[in-house]
Amino acid sequence: MKISLRVKLTAAFISLALLLILLFSFVANSLLEQQFTAYIVNRLAQKSQDLVTLVNASYQDWGRVWYEEGMHSIGTNAMLDGLILRFEDADGKVLWDARTHDDGMCSSILEQMAVNMQEHRPGFEGGYQETLKPLTDQGITIGYLAIGYYGPYFFSSQDLAFLGTLNNYIVWMALLSSLASLFLGQWLGWRVSRPITEVIGTTEKIAAGNFGSRASCKVNTRELVDLTDAVNRMGRSLEEQERIRQRLTSDVAHELRTPIATLQSHLEAMIDGVWPADTARLTSCHEETIRLAGLVGDLEQLMQFENQIQKPHFKTVDLDDLIRNLLRNFENDFRRKSIRLSYDGSMETVECDPDKISQVLVNLLSNALKYTNEGGQVKVRLSGSPEQVQVTVEDSGIGISEADLPHIFNRLYRADQSRDRQTGGSGIGLTIARAIVRAHQGVLAVKSRQGKGSVFTMTLPRKQA
Ligand code: ADP
């Protein structure tokens with residue numbers, strides 16, 4: 001069963017409030033019971049002492065005789081406090097007795113106290129108790145005061161009313177705090193669940209293919225802001241992926257359409273007997289298939305680099321050595337095109353994948369060869385600092401127009417001048433080269449002016465992190 005965050009939070013708040021109230025009322029009641037009982041016992045002792053003092057003082061006021069009216073007044077007043085008095089003279093003769101005066105009242109007082117105590121403390125073992133206090137005048141015993149009560153102690157109706165009020169307050173507190181918890185839980189649940197619901201809505205839209213959907217978070221809870229940001233980032237990245245996928249599909253389709261159409265028409269012409277199926281025609285078809293296979297291979301390699309399937313195998317390499325070897329392989333091609341090739345560099349060790357870095361340099365050199373006219377020159381330079389090394393390939397070739405320059409690293413992009421099939425490029429070499437350099441935490445940059453030439457700079461960190 002799925003339970004909403006709001007219900008869970010509300011239930012947690014209410015449970016917590018009730019638990020706290022329960023704990024509080026338990027602690028308050030047990031503390032109060034102890035303190036209250038001690039107070040009642042003290043009050044009883046104090047009242048008895050006050051009565052003795054009152055009778056002693058009254059005896060003097062009465063002219064040192066036992067005044068019947070006076071004893072009656074003190075005795076009936078004490079009954080209101082739940083005390084049953086008996087006055088005796090020094091010889092123990094009863095002078096005034098509450099029981100004789102009003103036995104019914106005395107019994108009902110004791111009964112009432114017994115009911116009070118049983119109500120408040122079921123099983124309380126109590127009964128009539130009496131203490132006999134000597135009465136004195138100037139140090140001489142003049143008589144005794146017997147103070148009877150429901151013992152060992154009793155709660156009067158006022159005492160019980162006080163305890164009842166206190167418990168009522170606790171019940172009200174429990175009710176009010178449960179209500180407050182209910183509102184707080186609902187409110188907090190709403191505040192937390194609203195952005196989550198929005199994020200869920202956005203992810204559902206993204207999952208349904210609406211990659212442009214974004215969630216907005218109007219609360220400042222860090223985790224919720226992070227969650228919204230993460231989902232929005234995912235949306236952006238999927239949108240970008242989708243854009244790349246669409247562009248790649250159309251680019252690849254566009255790139256394949258022309259050679260396939262050429263192949264198709266050539267083959268049809270040969271099948272229909274319009275063209276003889278001679279070596280020259282078949283060779284041309286074969287070259288076209290080789291070009292197509294190369295393009296597919298390049299795309300595959302690019303995909304592997306971009307998706308980080310292929311990772312460089314790092315070694316410590318002397319770039320100077322590597323470049324010199326590469327240049328040796330190119331010397332003939334440059335000479336044939338009468339392009340002056342020069343190199344300036346000395347030993348620079350760097351942590352890299354030599355095969356992949358060679359691939360980058362081969363691409364830069366073949367581009368320089370391709371896009372430099374006869375009689376031009378190509379300069380290769382290697383330099384280094386403690387942290388990084390730089391290789392530049394500078395040519396005095398056709399250059400790249402300002403409009404083309406930002407796009408030359410894009411896959412399948414070829415500048416207008418090189419659209420000509422004769423130059424043979426597929427517009428993928430530089431994309432792969434940049435992916436390789438990036439996999440080395442390096443940068444591949446270009447500066448170029450149309451008609452003047454281009455400078456490609458590869459910067460690599462000396463050590464890989
Ligand atoms: P291609 O296989 O077509 O050469 P690249 O990715 O290597 O593909 O290069 C992309 C485009 O950048 C080329 O088609 C060309 O227009 C331009 N380009 C690359 N290098 C040079 C250069 N040295 N001089 C002029 N243009 C260049």
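## The strand 3 and strand 4 pairing

Within strand 4, Ile140 is the bridge partner of Asp137, and Asp137 itself belongs to strand 3. The model in which this pairing appears is a predicted one. The two strands concerned, strand 3 and strand 4 (residues 140-151), run antiparallel to each other and are paired over 11 bridges.

Asp137 has a relative accessibility of 8%, and because buried means under 20%, this residue counts as buried. Apart from neighbours within four places in sequence, the residues in contact with Asp137 are Tyr59, Gln60, Arg64 and Ile142. With one of these, Arg64, Asp137 forms a side-chain to side-chain polar contact of 2.4 Å. A very different separation is found for Asn410, whose C-alpha lies 121 Å from that of Asp137, with their positions 273 residues apart in sequence.

## The four-stranded sheet and its helices

Strands 3 and 4 take part in an open sheet of four strands, arranged in the order 2-1-4-3 with antiparallel pairing. Strand 2 (94-97) and strand 3 (127-137) form the edges of this sheet, each of them pairing on one side only. On average, and with direction ignored, neighbouring strands of the sheet are turned by 20° against each other.

Two helices lie across these strands. Helix 2 (residues 68-80) lies across strand 1 (84-89) and strand 2, and its direction is at about 40° to strand 2. Helix 3 (residues 98-120) lies across strand 1, strand 2, strand 3 and strand 4, running at about 50° to strand 2.

## The loop at Ala90

Ala90 is found in the loop that connects strand 1 with strand 2, and with a relative accessibility of 39% this residue counts as partly exposed. Although Ala90 and Thr141 are 51 residues apart in sequence, their C-alpha atoms are 6.3 Å apart in space. Thr141 is also among the contacts of Ala90, which, once neighbours within four places in sequence are set aside, are Thr141, Ile142, Gly143 and Tyr144. Ile142 thus appears in the contacts of Ala90 and also in those of Asp137.

## Strands 9, 10 and 11

Strand 11 (residues 453-461), in which Thr459 lies, is mostly covered, with eight of its nine residues buried. Strand 9 (residues 388-395) runs antiparallel to strand 11 and is joined to it by eight bridges, and the bridge partner of Val391 in strand 11 is Met458. Strand 10 (residues 443-449) is likewise antiparallel to strand 11, the two being joined by seven bridges. Arg449 stands opposite Gly453 of strand 11, and strands 10 and 11 together form a hairpin with three residues between them, where Gly451 in the turn has a positive phi of about 80°.

Thr459 is itself buried, its relative accessible area being 14%. The side chain of Thr459 makes a polar contact of 3.3 Å with the side chain of Gln390. When neighbours within four places in sequence are left aside, the contacts of Thr459 are Gln388, Val389, Gln390, Val437, Gly442 and Val443.

## Nonpolar cores and cysteines

In soluble globular proteins, nonpolar side chains tend to be buried together. The largest nonpolar core of this model has 45 residues, and those touching the most other members are Leu319, Ile357, Leu361, Leu364, Val391, Phe456 and Met458. Val391, when residues up to four places away in sequence are not counted, touches Leu319, Ile323, Leu361, Val380, Arg381, Leu382, Phe456, Thr457 and Met458. Another core, of 35 residues, lies apart from the largest one, and its members include Trp62, Cys106, Leu135 and Leu163.

Cys106 counts as buried, with a relative accessibility of 0%, and Cys285, at 7%, counts as buried as well. A search covering the whole structure finds zero disulfides.

Definitions and conventions: Residues are numbered from 1 along each chain as its sequence is written. This is a predicted model: local features need pLDDT of at least 70, side-chain atom pairs count only at pLDDT 80 or more; totals for chains, interfaces and linings use all residues. Side-chain values use heavy atoms; hydrogens and water are left out. A nonpolar core is a set of buried Ala, Val, Leu, Ile, Met, Phe, Trp, Tyr and Cys residues joined through side-chain atoms within 4.5 Å. Buried means under 20% relative accessible area, exposed over 50%, partly exposed in between (1.4 Å probe, protein chains only). Contact means heavy atoms within 4.5 Å. Two strands pair if DSSP finds at least two bridges between them. Axes are lines fitted to C-alpha atoms, for helices over the stretch in contact, and angles run from 0 to 180 degrees between N-to-C directions. A polar contact is a pair of N or O atoms within 3.5 Å; within protein, one must be able to donate a hydrogen and the other to accept it, and residues adjacent in sequence count only if both atoms are side-chain atoms. A disulfide is a pair of cysteine sulfur atoms within 2.5 Å.
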